[in-house]
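Q: Hi, could you go through this protein with me? I'm new to reading structures, so plain answers would help.

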Amino acid sequence: MEPHKVLVLNRSFEPLHVCDMRRAIILLFTGRAERVEDTADLIRSPSVAWVIPCVIRLQRYIQRPPTQTLSFNKKNILKRDGHTCQYCGRNGSERMTIDHVVPRYLGGKTIWENVVSACRSCNTRKGNRTPQQAGMRLPRNPSRPFSALYLTIMAQSARHLHVWQKYLPAGAVRSLAGNGHDKEVHPCNGDGQSLSRLS
Ligand SMILES: [Zn+2]
């Protein structure tokens with residue numbers, strides 16, 4: 001089962017980071033955080049059962065770490081797209097390739113708005129064509145992630161996105177491309193197209 005991830009909000013309700021369930025329960029147990037949203041699941045010890053939280057808020061205001069730079073690279077493109085083929089919806093973890101929606105051969109640029117993760121078989125099938133020319137559907141247009149912080153948070157949102165999105169800026173939710181498909185786990189073959197400018 002996919003491990004529970006918990007969105008941690010600052011005292012000001014701004015999202016800070018994501019932690020695992022155990023860390024969140026320790027923060028609650030020691031009074032350093034309060035529950036904001038719960039899941040319907042329980043974690044049990046021999047004597048106690050705890051409701052697993054989904055969103056918690058720190059009791060003390062934490063100075064935000066300096067803003068990280070959002071790097072344009074294959075790792076972050078895959079993160080934005082949830083390691084999911086944007087054409088067929090298969091999840092291929094790190095073995096996804098990068099596809100230029102409008103091929104470079106037709107003047108397509110290597111920018112956030114023109115690259116998506118694709119499994120090797122979709123990438124090969126599409127070849128040097130646009131999705132329209134290849135008769136393939138791209139359910140959503142790729143866009144630049146809102147920020148490095150939100151790229152990291154959104155990449156871990158998975159099944160909690162419907163709850164977390166209340167606490168995230170609208171732009172951060174829109175820029176996530178990996179959730180448009182059902183999460184079918186299917187190992188795809190492929191070791192990535194040559195993307196020297198991206199690596
Ligand atoms: Zn595919």
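A: Gladly, and please keep in mind that this is a predicted model. We can begin with histidine 83, which counts as partly exposed because it has 19 C-beta neighbours inside 10 Å, while a residue needs 20 or more to count as buried.

Q: Where does histidine 83 sit in the chain?

A: Histidine 83 is part of the loop that runs between helix H2 (74-80) and strand E5 (90-91). Its phi is positive, at about 50 degrees, although histidine 83 is not a glycine.

Q: Why point out a positive phi?

A: It is worth pointing out because most residues other than glycine have a negative phi.

Q: Which other residue has a positive phi although it is not a glycine?

A: Alanine 158 does, with a phi of about 30 degrees. Alanine 158 is found in the loop between helix H5 (148-155) and helix H6 (161-164), and it counts as partly exposed because 16 C-beta neighbours lie inside 10 Å.

Q: Okay, zooming out, how many helices and strands are there?

A: The protein has seven helices and eight strands. Of its 199 residues, 27% are buried, and among contacts with a separation of 6 or more, 66% join residues that are 24 or more positions apart.

Q: Which residues touch the most other members of the largest nonpolar core?

A: That core has 18 residues, and the ones touching the most other members are Val6, Leu7, Val55, Ile56, Tyr150 and Met154. Strand E1 (5-9), helix H1 (21-29), strand E4 (49-58) and H5 each give two or more residues to this core, with the largest share, five residues, coming from H5.

Q: Is there just this core, or what else lies apart from it?

A: Another core of 11 residues lies apart from it, and its members include Cys85, Tyr87, Met96 and Val115.

Q: Back to Val6, what is it in contact with?

A: If we leave aside neighbours within four places in sequence, valine 6 is in contact with Val18, Cys19, Met21, Ala24, Pro53, Cys54, Val55 and Ile56.

Q: And what about isoleucine 43, where is that one?

A: Isoleucine 43 belongs to strand E3, which covers residues 33-44, and it counts as partly exposed because it has 14 C-beta neighbours inside 10 Å. Not counting residues up to four places away in sequence, isoleucine 43 touches Met21, Trp50 and Ile52.

Q: How far is isoleucine 43 from arginine 22?

A: Their C-alpha atoms are separated by 9.4 Å, although the two residues are 21 residues apart along the chain.

Notes:
Residues numbered from 1 in each chain as written. Predicted model: local features only at pLDDT ≥ 70, side-chain atom pairs only at ≥ 80, totals over all residues. Helix = DSSP H or I, 4+ residues; strand = E, 2+ residues; numbered from the N terminus. Buried ≥ 20, exposed ≤ 12 C-beta atoms within 10 Å, placed from the backbone. Contact = placed C-beta atoms within 7 Å. Core = buried A, V, L, I, M, F, W, Y, C linked by C-beta atoms within 7 Å.
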